[in-house]
Amino acid sequence: MPAIWYFDVVSPFAYLQWRRLKPLLATHDIRPVPILFAAVLSAIGNRGPAEIPAKRTFTYQHVAWRAQRDGIALVFPPAHPFNPIAALRTVIAADADPDVIEAVFAHIWAQGQPGDSVEALAPVLTAAQLSPADVEAPAVKARLRAETDAAIAAGMFGVPTLRIGDALFWGEDAHDFALAALADPGLLDTPEMQRLAQLPVGAARG
């Protein structure tokens, strides 16, 4: 079953999942799609984890622990959250080439370099044989908006998310759940899974 991997390079969890997802691209029909997480948050009226002080500290420490546990190189960029638009457009200008996605993630999260401008991403652009004009092309900007709008229309609420059919598997920690769904298309069609999908919202208690 084909799948879409929605991601924003501003998310350290997207970086962690990419480390597990990239090898699967050779054996599974998975299309990486960069989207603007901030636009998703705005559309659903939510705040990102870095905007909530206690959650920000927990998130950063959790990511650092996960990376250390799994032997993944991790150096946070100079500031976070940062504006990821230039990095996302770089990926789109390269037609979401996995090698360019890898280079962008490595630049920001393995090397700890800023990814908030075309100038900051100059080494990545050079290696990918892209120019600043390529990244700033109107068609590239329009595609980022269109992909983000399509993700929102599909019910997206966070990144990273693997979309398999109409099902959304949110978060790096749902990676194994998503792989199970790829292997078994009927995973969510069992009576219990369908019951959970239709479970009514309980009344709030005062």
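**Close-up views of a predicted model**

**View 1. The largest nonpolar core, centred on Trp5 and Phe105.** Within the largest nonpolar core, which holds 55 residues, Trp5 and Phe105 touch the most other members; such a core is a set of buried Ala, Val, Leu, Ile, Met, Phe, Trp, Tyr and Cys residues joined through side-chain atoms within 4.5 Å. Helix 5 (residues 98-110) contributes the most to this core, namely six residues, where helices (H or I, at least four residues) and strands (E, at least two) are DSSP runs numbered from the N terminus. The model is predicted, and local features therefore need pLDDT of at least 70 and side-chain atom pairs count only at pLDDT 80 or more, whereas totals for chains, interfaces and linings use all residues. Residues are numbered from 1 along each chain as its sequence is written, and side-chain values use heavy atoms, with hydrogens and water left out.

**View 2. The surroundings of phenylalanine 105.** Leaving aside neighbours within four places in sequence, phenylalanine 105 is in contact (heavy atoms within 4.5 Å) with Trp5, Phe7, Val9, Ala14, Tyr15, Trp18 and Ala110. One aromatic cluster is formed by Trp5, Phe7, Tyr15, Trp18 and Phe105.

**View 3. Serine 11 in the loop between strand 1 and helix 1.** Serine 11, placed between strand 1 (3-7) and helix 1, is buried, with a relative accessible area of 7%; buried means under 20%, exposed over 50% and partly exposed in between, for a 1.4 Å probe and protein chains only. Not counting residues up to four places away in sequence, serine 11 touches Trp109, Val159 and Pro160. Its C-alpha atom and that of alanine 79, 68 residues apart along the chain, are separated by 13 Å.

**View 4. Leucine 187 in the loop between helix 9 and helix 10.** Leucine 187 lies between helix 9 (175-183) and helix 10 (191-197), and it counts as partly exposed because its relative accessible area is 21%. Apart from neighbours within four places in sequence, leucine 187 has contacts with Phe177, Ala180, Ala181 and Met193. Between the C-alpha atoms of leucine 187 and phenylalanine 177, which are ten residues apart along the chain, the separation is 9.6 Å.

Terms used: Rings of Phe, Tyr and Trp (its six-membered ring) pair if their centres lie within 6.5 Å; planes under 30 degrees apart count as stacked, over 60 as edge-to-face and the rest as tilted.
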